[in-house]
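Student: Could we walk through this one at bench-talk level? I'd like to start with where things sit, then get to the ligand.

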Amino acid sequence: MQRAVPQDFSRVLSSMCTEPHPVAREAAVRFLATNPGDPSTYQRIAELEAEVVSGLGELAGLPDAHGYVASGGTEANVQAVRAARNRARDEWTTAPETPNVVAPESVHFSFQKAADVLGVELRTVPVDDGYRADPSAVRAAVDSETVLVVGVAGTTEYGRVDPIPELAAATHDAGGDRPFLHVDAAWGGFALPFTDHAWNFAHADVDTMTVDPHKLGQAVVPAGGFLARDRAALDALAVDTPYLESTSQATLTGTRSGAGVAGAAAALDALWPDGYREQFEESMADAEWLAAELDARGFDVVAPELPLVACELPESTFDALRDAGWRISRTAAGELRVVCMPHVTREMLRRFVADVDSFSPK
Ligand SMILES: Cc1ncc(COP(=O)(O)O)c(C=O)c1O
């Protein structure tokens, strides 16, 4: 078999993955043959996982967080729904018959998967003019069967941050057996600590959170983060594991490679907080530069709040850019979206803008 070579990142502009930090890559290889799914047998990787959870907790305003390193944001979001559904079933005075989850329509499609596999109803509500969750719409959709309200801190399409404290208020005002509040910071979590946004466990009564080392955290895939304020959320996920050395497991996956955990531990150790701050400032400046360049050419730009730019482009220009090798995607409304991940440099963006010029209708 020929030695296969992966793509390089020099034209990858819409992905939320990036080149891992070299220390993460090296640690991942070292721990490839470990299984954090059985922490009693694989004790060193279990210790590293505890370090990652504590590091993610610090970043998310919850120094003594509970949680684990998931396979990605999808698993963490599915688990948030599962924990809320199970807790409502087991702890509420009246268990919901058809549990529902209320989320803004900007929510990631992983919640559709969660609803499908867990048998809950996903109620999406319109966002406001700024692409953020509208707390009054959320409030109106919540009822006595709502087990979870979701807010997004760094939306996939526009990089917007939902008003998390207002969503917490909407959740609490539901009264009685109140829904849990989950924040999906899968992508935004490693940028938001360097902004003024109110998004984390310290800013509002958030119950669970997704924050992924394998996105802006520069860890190796697969490394998602599931965090919980209370141990009870993890207990609600745990099942007995008779044939393992460990006696219970809260993860959705069973056996999983320690590579993601080790990579996340190494990246956090090397980059938190200064390295991540520097990267955020550089990426944000690049996003603002790109937005200004596209705006100056008369295109409709959604101004970046985090390092993500969305912009209307003529169809022919978009297609020509793709044909030229740029790996770009569209929002549901059809705009180009450029995610300024750590591998995206100013030089790369200059080359991209030059191609936008050459492929624009004269
Ligand atoms: C906000 C958000 N949540 C969840 C996910 C899903 O993460 P993953 O692809 O790691 O499962 C993404 C992916 O881009 C995302 O942007």
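Student: Which helix does Asn77 lie in?
Tutor: Quick ground rules: this is a predicted model, where local features need pLDDT of at least 70 and side-chain atom pairs count only at pLDDT 80 or more, while totals for chains, interfaces and linings use all residues. Residues are numbered from 1 along each chain as its sequence is written, and side-chain values use heavy atoms, with hydrogens and water left out. Helices (H or I, at least four residues) and strands (E, at least two) are DSSP runs numbered from the N terminus. By that scheme, Asn77 belongs to helix H3.

Student: Is Asn77 buried or exposed?
Tutor: Buried means under 20% relative accessible area, exposed means over 50%, and partly exposed is in between (1.4 Å probe, protein chains only). Asn77 has a relative accessibility of 1%, so the label is buried.

Student: How far is the C-alpha of Asn77 from that of Ser329?
Tutor: Along the chain, the two are 252 residues apart. In space, the C-alpha atoms of Asn77 and Ser329 are separated by 23 Å.

Student: On to the ligand. Which element gives the largest share of the shell around it?
Tutor: There are 13 residues around the ligand, and Thr74, Thr156, Asp184, His214 and Lys215 come nearest. A residue is near a molecule if one of its heavy atoms lies within 4 Å of it. The largest share of the shell is 3 residues, and the element supplying them is helix H3 (residues 73-91).

Student: How many residues in that shell are charged?
Tutor: Here's the sorting: Ala, Val, Leu, Ile, Met, Phe, Trp, Tyr, Cys and Pro count as nonpolar, Asp, Glu, Lys and Arg as charged, and the others, Gly among them, as polar. The shell has 2 nonpolar and 8 polar residues, and the charged ones number 3.

Student: How far is a polar side-chain atom of Thr74 from an oxygen atom of the ligand?
Tutor: A polar contact is a pair of N or O atoms within 3.5 Å; within protein, one must be able to donate a hydrogen and the other to accept it, and residues adjacent in sequence count only if both atoms are side-chain atoms. The side chain of Thr156 puts an N or O atom 2.9 Å from a ligand oxygen, and the side chain of Lys215 does so at 2.8 Å. For Thr74, the distance is 2.6 Å.

Student: What percentage of the ligand's exposed area does the protein bury?
Tutor: Taken alone, the ligand exposes 390 Å². Accessible areas come from the Shrake-Rupley method with a 1.4 Å probe, and for residues only the protein chains shown count as cover. The protein buries 84%.

Student: Which residues touch the most other members of the largest nonpolar core?
Tutor: A nonpolar core is a set of buried Ala, Val, Leu, Ile, Met, Phe, Trp, Tyr and Cys residues joined through side-chain atoms within 4.5 Å. This one holds 64 residues, and those touching the most other members are Val138, Trp187, Phe190, Trp199, Met209 and Leu227.

Student: Which element gives the most residues to this core?
Tutor: Elements that each supply at least two residues include helix H1 (22-30), helix H2 (43-59), strand S5 (180-184) and helix H9 (274-296). The most, 9 residues, come from H8.

Student: Where does this core lie relative to domain 1 and domain 2?
Tutor: Domain bounds come from an automatic or database domain assignment. Domain 1 (22-271) and domain 2 (274-359) both give residues to this core, so its place is between them.

Student: Now the backbone oddities. What is omega for the peptide bond joining Trp272 and Pro273?
Tutor: Pro273 sits in the loop between H8 and H9. The bond is cis, with omega about -5 degrees.

Student: Which residue does a cis peptide bond join to Val221?
Tutor: Omega of that bond is near 5 degrees. The partner, found in the loop between S6 and strand S7 (224-228), is Pro222.

Student: Is Gln218 buried or exposed?
Tutor: Gln218 is in the loop between S6 and S7, and has a positive phi near 60 degrees although not a glycine. The relative accessibility is 8%, so Gln218 counts as buried.

Student: What is the relative accessible area of Tyr131?
Tutor: Tyr131, in the loop between strand S3 (121-125) and H5, also has a positive phi, about 70 degrees. Tyr131 is partly exposed, at 26%.
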